[in-house]
Amino acid sequence: MSKRVEVPGSGYEISTFDFRVRTPNTELLTPKVAHSLEHLFAVALRAECEEHQLDLKVLDVSPMGCRTGYYLTVLNPAGALPLSRATEAVRAMLPGALEIGELPGARLETCGAYREHDFEGARAEIARLTREEIVPLEKPPLLD
Ligand SMILES: [Zn+2]
């Protein structure tokens, strides 16, 4: 899971969760799918929080360099975002991510590699995730 940093004097903390979509050291996301998922998850997680998780503010969704998942960074009231709730928020954002009809932000002005995308591949990955169980793991197993 995660790292947490208290925001001094605010009653808030910043939480970062590892959201794995592939098993490490097995079949990785392609670079294009990983990039498109970054755009889709950022929009869908923000929308989920703005609509249903009003005390949470999404700061960032960033791809892991190993292409197995994403770091989800959220500002939340201290103690209000256990792993179980973060897992629920991820589960809840997936249908919204699948409903996005056009890849957000994939333009020259807004993306550093706007040609390096695979929207259909990303949608297939999200569809797969909606059929799988999203499992909260405090300590993920190491696989080789
Ligand atoms: Zn981009």
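This passage walks through the overall fold of a predicted model and then turns to one of its helices, α2.

The chain contains 3 helices and 4 strands, and these follow one another along the sequence in the pattern β-β-α-β-β-α-α. A compact globule of 144 residues would have a radius of gyration near 15 Å, and because the chain has 15 Å, it agrees with that expectation. The C-alpha trace spans about 45 × 40 × 25 Å along its principal axes. Of the 144 residues, 26% are buried. Contacts often link distant parts of the sequence: among those between residues at least 6 apart, 69% join residues at least 24 apart.

The largest nonpolar core holds 25 residues, and L37, L40, F41, L45 and A97 touch the most other members. At least two residues of this core come from each of α1, β3 (57-63), β4 (69-77), α2 and α3. The biggest share belongs to α1, which gives 8 residues.

Helix α2 is a good place to look more closely. Its 17 residues, 83-99, reach 25 Å from the first C-alpha to the last, close to the 24 Å expected at 1.5 Å a residue. The helix has a kink of about 25° at M93, shortly before the proline P95. M93 is also buried, as are A86, V90, L94 and A97. These buried residues of α2 pack against β2 (12-20), α1 (31-52) and α3 (119-131). A97 offers a handy example: leaving aside neighbours within four places in sequence, A97 is in contact with L40, F41, A44 and I126.

Definitions and conventions
Residues are numbered from 1 along each chain as its sequence is written. This is a predicted model: local features need pLDDT of at least 70, side-chain atom pairs count only at pLDDT 80 or more; totals for chains, interfaces and linings use all residues. The expected span of a helix is 1.5 Å times one less than its number of residues. The bend at a residue is the angle between axes fitted to the seven residues ending there and the seven starting there. A residue is buried if 20 or more other C-beta atoms lie within 10 Å of its own, exposed if 12 or fewer, and partly exposed in between; C-beta atoms are placed from the backbone. Two residues are in contact if their C-beta atoms, placed from the backbone, lie within 7 Å. A nonpolar core is a set of buried Ala, Val, Leu, Ile, Met, Phe, Trp, Tyr and Cys residues joined through C-beta atoms within 7 Å. The radius of gyration is taken over C-alpha atoms; the globule rule is 2.2 Å times the number of residues to the power 0.38.
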